[in-house]
Amino acid sequence: MNVQNNITVFSGDTRNNAQAEWANKEATESCDKKSKTIYAGDFLKEFPLRERIQQKKSEAQQRALKIVSDAWGMDKQIDDEIKVREEESKVLQEDNQEALENLKDVNQRMEELRDAFGISPDSEEQQELERIMQMRKSPTVSLEEMELTEYQKRALALEDEATFYRKQIAANNGKILENSEVNAAIRKERVKSHAMVDARKDAEEVMDASRDTAIGLVMEEAKEHLDEEQEKREEQAEAIEEKKEEQEEIQEKRDEREEELEELIKDMPVEEMTDLQQTMDEVKQQIQKVLNEVNLAAEDIKGAKVDMTV
């Protein structure tokens, strides 16, 4: 994964596991000295970062699970409501079957009643019965003032029983129709909403955001690590520069004394030069002894000269 500022991140891997791939890349192209390579696996070894990433992942999983669970709960609630209406309609249909059987029985008894009294469908008494049935539908009509025959009384009683079953069937059919229409409307709206599909999509987006957050945490840790490394390198560079300046000052002093010594040797007799050589050898031995005692490297004083004027 490449990010800005020429930083390359190998996510989910450590330095050792990526060496082969990186070696192949170095064999075919030169490496930009300004680029930086980060192995996310190295940072995951740090417990605080790994714990933070795991915490973010766990929180995202809980949010995603809640989104799906809520959607599933709402979906299940709708399914339960549909099922309740379907079960209710099923019971009402069974009641209708029973009511139809009872109504059939009433009609049969009505036929038997007419046969028992010898009443034909077009007889005057039958026609009078039908007029009474129509009249009593009005709330202002009272049958108490009317003189009814025995046949008419029994026929009206059977008609009352039949009316009860017919009303029961009509009411049940109305409720069955209502349940069917409500369930059909719910199913139609469910097709439009795609609640579970949307919930899964939202859950996936939450998990994707969690992965982006984890990468951000690694990048933040990597940046801090690079800043620390850069600070160390700058400190080391400053120390090297200071050491270089110090060595240059020492070299300048050495050069000055070497020039003075050369001038002195030009005017010195041979005997004195021999004594000088011996003296220099003794001085070198003393210096080496001191160096050995302080555990210094002989290379640090190479080129040193003895100022005989001191």
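This is a short walk through one predicted model, from the overall fold to a few side chains.

I'll start with the chain as a whole. The protein chain has 310 residues, and 21% of them count as buried. It contains seven helices and three strands. In sequence order the elements run β-β-α-β-α-α-α-α-α-α. On contact range: take the contacts between residues at least 6 apart in sequence, and 78% of those join residues at least 24 apart.

Next, the core. The largest nonpolar core is made of 16 residues, and Leu129, Tyr151 and Ala155 have the most contacts inside it. Which elements give two or more residues to this core? They are H3, H4 and H5. H5 gives the most, with seven residues. The rest of this talk stays with those three helices.

Take H4 to begin with. Helix H4 covers residues 124–135, which is twelve residues. At 1.5 Å a residue the expected span is 16 Å, and the end C-alpha atoms are 16 Å apart, so the two agree. Which residues of H4 are buried? Gln126, Leu129, Ile132 and Met133 are. Those four cover an arc of only 115° around the axis, so they sit on the same side of H4. The general background is that an α-helix has 3.6 residues a turn, so residues three or four places apart point the same way. On the face turned away from the buried side, H4 carries the exposed residues Glu124 and Gln134. Leu129, from the buried set, is also one of the residues with the most contacts inside the largest core.

Now Tyr151, another of the residues with the most contacts in that core. Is Tyr151 buried or exposed? Tyr151 is buried, because its relative accessible area is 1% and the limit for buried is under 20%. Setting aside neighbours within four places in sequence, Tyr151 contacts Leu113, Arg114, Phe117, Ile119, Glu125, Gln126 and Leu129. Two of the names in that list, Gln126 and Leu129, we have just met among the buried residues of H4.

Arg114 is also in that list. Arg114 belongs to helix H3. Arg114 counts as buried, at 16% relative accessibility. Apart from neighbours within four places in sequence, Arg114 touches Ile119, Gln126 and Tyr151.

On to the aromatic pairs. How many are there? The count is two. One of them joins Phe117 and Tyr151, with 5.8 Å between the ring centres and 55° between the planes, and that makes it tilted. Why does this pair tie together separate parts of the chain? Phe117 is in helix H3, residues 47–117, while Tyr151 is in helix H5, residues 150–193, so the pair links parts 34 residues apart in sequence. Phe117 counts as partly exposed at 35% relative accessibility, whereas Tyr151 is buried.

The other pair is Phe164 with Tyr165. Their ring centres are 5.4 Å apart and their planes are at 70°, so this pair is edge-to-face. Phe164 is exposed at 52% relative accessibility, and Tyr165 is buried at 14%.

Two polar residues of H5 remain, Asn183 and Arg190. Asn183 lies in helix H5 and is buried, with a relative accessible area of 4%. Not counting residues up to four places away in sequence, Asn183 touches Ile82, Arg85 and Glu86. With Arg85 there is a side-chain polar contact of 3.4 Å. That value falls inside the 3.5 Å limit used for polar contacts.

Arg190 is in helix H5 as well. Arg190 is partly exposed, with a relative accessible area of 26%. Its contacts, leaving aside neighbours within four places in sequence, are Asp75, Ile78 and Asp79. Which of these residues shares a side-chain polar contact with Arg190? Asp79 does, at 2.7 Å. As for Ile78, Arg190 is 112 residues from it in sequence, and the two are 9.3 Å apart in space, C-alpha to C-alpha.

To sum up: H3, H4 and H5 each give two or more residues to the largest nonpolar core. H4 has its buried residues on the same side. Tyr151 pairs with Phe117 and contacts Leu129, among others. Further along H5, Asn183 has a polar contact with Arg85, and Arg190 has one with Asp79. That's all from me.

Note on methods:
Residues numbered from 1 in each chain as written. Predicted model: local features only at pLDDT ≥ 70, side-chain atom pairs only at ≥ 80, totals over all residues. Heavy atoms only, no water. Phe/Tyr/Trp six-rings, centres within 6.5 Å; stacked < 30°, edge-to-face > 60°. Buried < 20%, exposed > 50% of the residue type's maximum accessible area, 1.4 Å probe, protein only. Expected span 1.5 Å × (residues − 1). Arc of directions from axis to C-beta. Polar contact = N/O pair within 3.5 Å; in protein donor to acceptor, adjacent residues only side chain to side chain. Contact = heavy atoms within 4.5 Å. Core = buried A, V, L, I, M, F, W, Y, C linked by side-chain atoms within 4.5 Å.
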